Amino acid sequence: MARKSLQDLSGIAKTIANSSPQSNDRTTKTTAPALGALQGSLSAIRELDPDLIEDWGPADRLDQFTNVNSEDDFDGFDTLKSSIRDEGQQVPILVRRAGTEGRFEIIYGRRRLRACRALGLKVRANVQDLDDAAALLAKGLENAARRNLSFYERARFAAIIQAAGHDTKTVRKVLSLSASGLSHLTKVTDSVPDDVGDQIGAAPKSGRPKWTALAEAFSAKKINLASSCAILSKLDAELPSDDRLDQLLREIARRGARPNEGRETSPVPGVTIKSGRGTIAMSIRRAGENSAFAEWLDRELENIIKKSYKEFTAVNPEDDTRG
């Protein structure tokens, strides 16, 4: 059976919307909360051995944030596990058939799968034939219905989808974003190193303003990867992720606007300029493609500096660097 495309998925969406307890004469929207379960094809619900289900696609949650997102990863997971143990699994996960016969790939519902695995139970799963694009859309629609992805989780999710080769139109459809909305997410992931985001965490209570402020601090070189990781590493490992983000932003503000702190640039091959808080240093490699330039600069650097200093003081007569 051919896998459904993004266009074909609208049929599933319509069936789900019509099965909603709300009025059926309401216009069907692809972002309707009823899409969370994708239960239109009830015959597709099966009980599967969790060990037959493999991971697939971009992580829609920052699951590695166990030390900074403890509310979700520990308390929330324990609550989910208790609920499934006492009342059964109410909402199926969504899977598709894998390339290996008898195996499946999970589209969404990783936490429910993990809970069933931990309890030694079979997992109720909706088995659908979806291509990659439709699977991403289903994943995004389910996330939108739950409305519990933080701003930063959405940003990372969008970045992973794009890195997998999908165009911006697909990303916007998956996450129900406007062009400007995607631009805000991209600004953060383009400027804030993933390692920093990993140390901060999902920050579920922090929205666009705080993450944009952090992105702008990186763009303006008020902070860099090494210094931000150093700050975060000193924080209590149990500190919630929102507090970690706040602490980092406060430290950036405390340091003030020092865009050159810790800056290292290489204006031409073989030449490196390191600008620190107290000094500026330049190193020039004598080997390589610019070895001749290095030799010339070695001879002329003193004169270049004298000439530059003379020009500087001529237009800055009151500058205290004149001694």
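**Salt bridges, aromatic pairs and the open sheet**

In this predicted model, Glu 295 has a relative accessible area of 33% and is therefore partly exposed, since that class lies between the buried limit of under 20% and the exposed limit of over 50%. The side chain of Glu 295 meets that of Arg 286 in a salt bridge, with a distance of 2.9 Å from N to O, and Arg 286 is likewise described as partly exposed, with a relative accessible area of 47%. Arg 286 also takes part in a salt bridge with Asp 298, at 2.8 Å from N to O. This pair links distant parts of the chain, as Asp 298 belongs to helix H12 whereas Arg 286 lies in the loop between strand E8 (280-284) and H12, 12 residues apart. Asp 298 counts as partly exposed, at 47% relative accessibility.

Elsewhere, salt bridges that share partners join Arg 96, Glu 105 and Asp 132 into one network. Within this network, the side chains of Arg 96 and Glu 105 meet at 2.7 Å, N to O. Arg 96 has a relative accessible area of 4% and is therefore buried, and Glu 105, at 14% relative accessibility, also counts as buried. In total, the structure holds 15 salt bridges. In general terms, side chains of opposite charge can pair when their charged atoms come close.

A charged side chain is also found over an aromatic ring: the charged end of Arg 114 sits over the ring of Phe 77, 4.0 Å from the centre of that ring.

Turning to contacts between rings, the structure holds 2 aromatic pairs. One of them is formed by Tyr 152 and Trp 211, which are stacked, with 4.1 Å from centre to centre and 10° between the planes. Because Tyr 152 lies in helix H5 (residues 151-163) and Trp 211 in helix H9 (residues 208-219), the pair ties together parts that are 59 residues apart in sequence. Both Tyr 152 and Trp 211 are buried. The rings of Phe 293 and Trp 296 have centres 6.0 Å apart and planes at 25°, so this pair is stacked as well, given that planes under 30 degrees apart count as stacked.

Phe 293 lies in helix H12, which spans residues 291-315, and, being 3 residues apart in that helix, Phe 293 and Trp 296 are separated by about one helical turn. Phe 293 is partly exposed, with a relative accessible area of 31%, and Trp 296 is partly exposed too, at 38%. Together with Val 268 and Ile 304, Phe 293 and Trp 296 make a nonpolar surface patch of about 300 Å².

The model further contains an open sheet of 5 strands, arranged in the order E1-E5-E3-E4-E2 with mixed pairing. Strand E1 (45-48) and strand E2 (53-54) stand at the edges, and because each has a single partner strand, one side of each is left without a neighbour in the sheet. Strand E3 (residues 93-97) and strand E5 (residues 123-127) run parallel and are joined by 3 bridges. Ile 93 has Ala 125, in E5, as its bridge partner. As a general point, strands of a sheet pair through backbone hydrogen bonds, either parallel or antiparallel.

Methods
Residues are numbered from 1 along each chain as its sequence is written. This is a predicted model: local features need pLDDT of at least 70, side-chain atom pairs count only at pLDDT 80 or more; totals for chains, interfaces and linings use all residues. Side-chain values use heavy atoms; hydrogens and water are left out. Patches are made of residues with over 30% relative accessible area and no salt bridge: like charges are joined within 9 Å, nonpolar side chains (Val, Leu, Ile, Met, Phe, Trp, Tyr) within 5 Å. Accessible areas come from the Shrake-Rupley method with a 1.4 Å probe; for residues, only the protein chains shown count as cover. A salt bridge is a side-chain nitrogen of Lys or Arg within 4 Å of a carboxyl oxygen of Asp or Glu. Helices (H or I, at least four residues) and strands (E, at least two) are DSSP runs, numbered from the N terminus. Buried means under 20% relative accessible area, exposed over 50%, partly exposed in between (1.4 Å probe, protein chains only). Rings of Phe, Tyr and Trp (its six-membered ring) pair if their centres lie within 6.5 Å; planes under 30 degrees apart count as stacked, over 60 as edge-to-face and the rest as tilted. A charge sits over a ring if NZ of Lys or CZ of Arg is within 6 Å of the ring centre and within 35 degrees of the ring normal. Two strands pair if DSSP finds at least two bridges between them.
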